[in-house]
Amino acid sequence: MNLPNFDRDAARDLMKEKAGAPFSAFDVATRAHHRQDRQFHAEAALLFCLAAERADAEHRADQSRPNQAMNHLVRAGIAFNRAAEIETAEPLLRQAIAFDWAGNGLSNDRHMVEWAFYQLLLNARQEPERFAQLFDEAVSRCAEVDRDYTAIHPHQEELLEIAIGMEHRPIVERLATKIADRRPAKKATKELLARAKALLANST
């Protein structure tokens, strides 16, 4: 695990942590989630980095349970990305994509690979060729970890919107099929599917 350089003092100040009484990784991550929920992404990113560092230290002291550091690191990557700190975010997201979640006792967290790819794809939304390459990579890598990209519903709609704008028919077809299989009830989703169907019809 490779953490970016981050301001530990600033992270501790955010939590009002007292000298000699450090919070656990879990407590730091809880505070990071609270800031993320309030859209304070840069602050959340600092706290997730600190949580990852402490989780790693806790695991070295007690290896009876899986090391949760990567869960905090990928969330730091997401928070940095949302804070538009792309150069810091993307290496963290790439670590999460390459990580052996199941092999490290975190099989239930394999979906974080999807979250990492989603952030990378959002960064490529103005670059059709890169977007298509990343999407293909996401499908392939997720299959390796027994995930069918993308299974996360809100991601499907957002990525379909981008793919329609790019007129990338194979991606549109894949995502539209996944969404249609859910039989969505929301009007906006139905309208999105109608646009996808129209694009695919015009390609024949």
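Reader: Which elements each supply at least two residues of the lining of the second largest pocket?

Author: This is a predicted model, numbered from 1 along each chain as its sequence is written. Local features need pLDDT of at least 70 and side-chain atom pairs 80 or more, totals for chains, interfaces and linings use all residues, and side-chain values use heavy atoms without hydrogens or water. A pocket is an open set of points, on a 1 Å grid over the protein atoms alone, where a 1.4 Å probe fits, with protein on both sides within 12 Å along at least five of seven lines; lining residues have an atom within 4 Å of a point. Helices being DSSP runs (H or I, at least four residues) numbered from the N terminus, the elements are α2, α3, α4 and α6 (111–123).

Reader: How many residues of each class are in that lining of the second largest pocket?

Author: Among its lining residues are H33, F48, R75 and W115. Ala, Val, Leu, Ile, Met, Phe, Trp, Tyr, Cys and Pro count as nonpolar, Asp, Glu, Lys and Arg as charged, and the others, Gly among them, as polar. The lining of the second largest pocket thus has four nonpolar, four polar and three charged residues.

Reader: Which residues of α6 meet α5?

Author: Contact means heavy atoms within 4.5 Å. From α5 (residues 86–98), the partners are I86, E90, L93, R94, A96 and I97. In α6 they meet V113, A116, F117, Q119, L120 and N123.

Reader: What is the make-up by class of the contact of α5 with α6?

Author: Nonpolar members include L93 and F117. By class, the contact has eight nonpolar, two polar and two charged residues.

Technical notes
Axes are lines fitted to C-alpha atoms, for helices over the stretch in contact, and angles run from 0 to 180 degrees between N-to-C directions.
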